[in-house]
Structure formats: C-alpha cells, structure tokens
Amino acid sequence: MENITKLSDRIKYFIDYKCISINKFSLSVGASNSYFNKILKDNNSIGSDRIEKILRTYPEMNPEWLLTGKGEMLKDSYPIRLQKIIDHTGLSVERFRKTIDSPQLLFDDVLAGKYKLANKTLTKIAENYPEFNLDWLLTGQGEMLKKENTTPTNGIEINPINLNRKTQDPIKVIQEVPLYDLSATAGLVEVFKGTQRHVMVDTLKIPGIASCDGAIYVTGDSMYPLLKSGDIVMYKQIELDKLFWGEMYLLSVQIDEWNDYITVKFVQKSEFGEDYIKLVSQNQHHQPKDILIKDIRALALIRASIRLH
C-alpha cells in the first residue's frame, strides 16, 4: 500500500475499506453525524481521545498505520485471519456464518475480537472448507491454504479452485487445454466463438481436474494472493442462467460500443436487484463493483490455476 500522508485521508481509506458511510463511522466512535464529514473535508486535526475510540471500536486497525501511515492498515489478528477466510470463500459474512452453524451474536463478537471460535465450530469449518489451514487461523503460522494437489518439485503448482461448491464436476484423468494470449486477440467473445484460434500459444496437459475449455494468463492484482499476475487460470464456458453465486468467474463486460473489460472475479448477488451482479476481488484494496447483467458478453467458471515458480 502506498503511504497515505494525511491522517484524514487514512481514515477515509479505512471507511471505504469497511464499505460504510462516514456518518455510520462517526456514530460508531461516539461522534456526531457531521464530525468526520468536517474532519475529512477540511483536513482538521483529531483529538487523542477520538483516536483511542477509533482503535477500540476497530481493533483490526494497525495503530502505527493510523498515526503515521507506516506499515499495513490491518493487524494480523485472529478476527482478521477469520475475515480473510470468509473473503476467500466469496461468501457474505452472514452466509458463511450459517454454513458453520455459528450463532449470530457470538460470531459478531468473534469478528470484533472478543472471543475465538469454539472447537465444534472449527470442526465445522474443517468439514465444509477443507482447503483452509486451521493452524494458520489459530496461530498465524504457515499459510492460509493447505498445499494440496500441487507439484512443487518441478516448479509448477496446480491448484483446483474449490470454493465449497454444491455441484460435483466429473474429473478427467488427463486433458489437453488450449492456452490463449488475450493481448493478441480481439476479445474473449471471439475466443469463445472459436474465431481467434491463431492466438492459441500452447496446450497444457493437466491431470485430475474437471473439464476445461481453455486457459489464459492473469493480469493485475485484484485476486491476490489467491491469484498473482502471470498465473494461468483454466475455465469452463457457461451460460448466464447457469451462474452459481460465490464462485470465481472469468468475465467479459462491455464498457462502451467498442471496448470490453476482461476480468477474473467472485460473483455475488447485488443489492441493486436482479438486473445486476456484484463483482468482488480477493484483494481487499479493490472495492466491489455492481454491473448490469446485460453488459456481460462472455462468462466462464474458473476451474483451476497454475503458478510458475
């Protein structure tokens, strides 16, 4: 994260990260509706008592970052690690809570840093989300995801994307998947139609995953750390009426008459109604975006990723 020099700008950045209004933030720390509106508008100073209230209300915030702009915005704490697990699943907090049968008030207290999850709840997470390393959740040691289905000895890591899917896809012993270079094509739609075969740069022989139609290189950091720029994702084309909420998709979205936006995102229900979907990044510094369903020109389910070391 770039260093944000002004305290007021850091507060605004945190408010945007929490996806709450300035007024709601003000009330949460015992200030009037207009208090932080004025602070952010005029870049006024903030009293130490108010800063202490902010840090008590939002224990996940790194005090050094708030006061000086140095370091990361969030502390590596138990609630933060739990929130990272929730974000990784692509589910809302409420939906995730229901999948592990945790009472709402207790789960809210866990996310607030007051308690830790009970052993029976941890067992439920292990059953429903076996890809997560619970030692990492409890201690912060190691990696969030277990290193399964990988081939580290030859420098290539193949990760089937498992987001607790409710459907079971047939696994192929081995298959050849075409790898496309989208920088040399007129767009994802043309690749899907098969009119841009000349942009196929290679084929990948992949064992032990469900059927795929193609593969492309990832660009950007919106899905970091799950996906890094330069990783390869393998996809299966689907129709819009076959969309499952919370899954990871490759999309081509029309932004004007001549241009499309190609991206990999989690897809969730939108608060704007049935005509919209919400695109959610893994990287917490990228804000969710609601788009019209009618603007989606191509859609594919992400089956697996490949990382070269």
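Of the 309 residues in the protein chain, 45% are buried. Keep in mind as you look around that this is a predicted model. The accessible surface of the chain comes to about 16,900 Å², and carbon and sulfur atoms hold 50% of that area. The chain is built from 11 helices and 10 strands. Among its contacts with a separation of 6 or more, 57% are between residues 24 or more positions apart.

A good place to begin the tour is helix α1, which covers residues 7-18. This helix has 12 residues and reaches 17 Å from its first C-alpha to its last, close to the 16 Å expected at 1.5 Å a residue. Its buried residues are S8, R10, I11, F14, I15 and Y17. Those residues pack against α2, α3 (35-42), α4 (48-57) and α5 (63-68). Just after the helix, C19 takes a positive phi of about 55°.

C19 also leads us to the second largest pocket, since it belongs to the group of lining residues closest to the pocket's centre, together with K18, Q83, D87 and V93. The pocket holds about 1,400 Å³ of space, and 37 residues line it. By class, the lining has 15 nonpolar, 13 polar and nine charged residues. Which elements give two or more residues to this lining? They are α1, α2 (22-28), α6 (78-89), α7 (93-99), β7 (260-269) and β8 (276-280). The largest share, five residues, comes from α6.

So let us turn to α6 itself. Like α1, helix α6 has 12 residues. Its first and last C-alpha atoms are 17 Å apart, close to the 16 Å expected at 1.5 Å a residue. Is α6 mostly covered or mostly uncovered? It is mostly covered, with nine of its 12 residues buried. The buried ones are Y78, P79, I80, R81, L82, I85, I86, H88 and T89. What covers them includes α7, α8 (104-111), α9 (119-128), α10 (134-139) and β7. Just after the helix comes G90, with a positive phi of about 80°.

A little further along the chain, D101 sits in the loop between α7 and α8. This residue has a positive phi of about 55° although it is not a glycine. D101 counts as exposed because its relative accessible area is 54%, and the cut-off for exposed is over 50%.

Strand β7 helps to cover the buried residues of α6 and gives residues to the pocket lining as well. Within this strand you will find K269. K269 is exposed because its relative accessibility is 58%. Leaving aside neighbours within four places in sequence, K269 is in contact with W245 and K278. Its C-alpha lies 9.9 Å from that of L91, although the two residues are 178 residues apart along the chain.

One last stop is the loop between β4 (214-217) and β5 (232-237), where P225 is found. What kind of peptide bond joins Y224 and P225? It is a cis peptide bond, with an omega of about 10°.

How values were computed
Residues are numbered from 1 along each chain as its sequence is written. This is a predicted model: local features need pLDDT of at least 70, side-chain atom pairs count only at pLDDT 80 or more; totals for chains, interfaces and linings use all residues. Side-chain values use heavy atoms; hydrogens and water are left out. On a 1 Å grid over the protein atoms alone, a cavity is a set of points where a 1.4 Å probe fits but cannot get out, and a pocket is an open set with protein on both sides within 12 Å along at least five of seven lines; lining residues have an atom within 4 Å of a point. Grid points are joined across faces, edges and corners, and a volume is the space filled by probe spheres set on the points. Helices (H or I, at least four residues) and strands (E, at least two) are DSSP runs, numbered from the N terminus. Ala, Val, Leu, Ile, Met, Phe, Trp, Tyr, Cys and Pro count as nonpolar, Asp, Glu, Lys and Arg as charged, and the others, Gly among them, as polar. The expected span of a helix is 1.5 Å times one less than its number of residues. Buried means under 20% relative accessible area, exposed over 50%, partly exposed in between (1.4 Å probe, protein chains only). Contact means heavy atoms within 4.5 Å. Accessible areas come from the Shrake-Rupley method with a 1.4 Å probe; for residues, only the protein chains shown count as cover.
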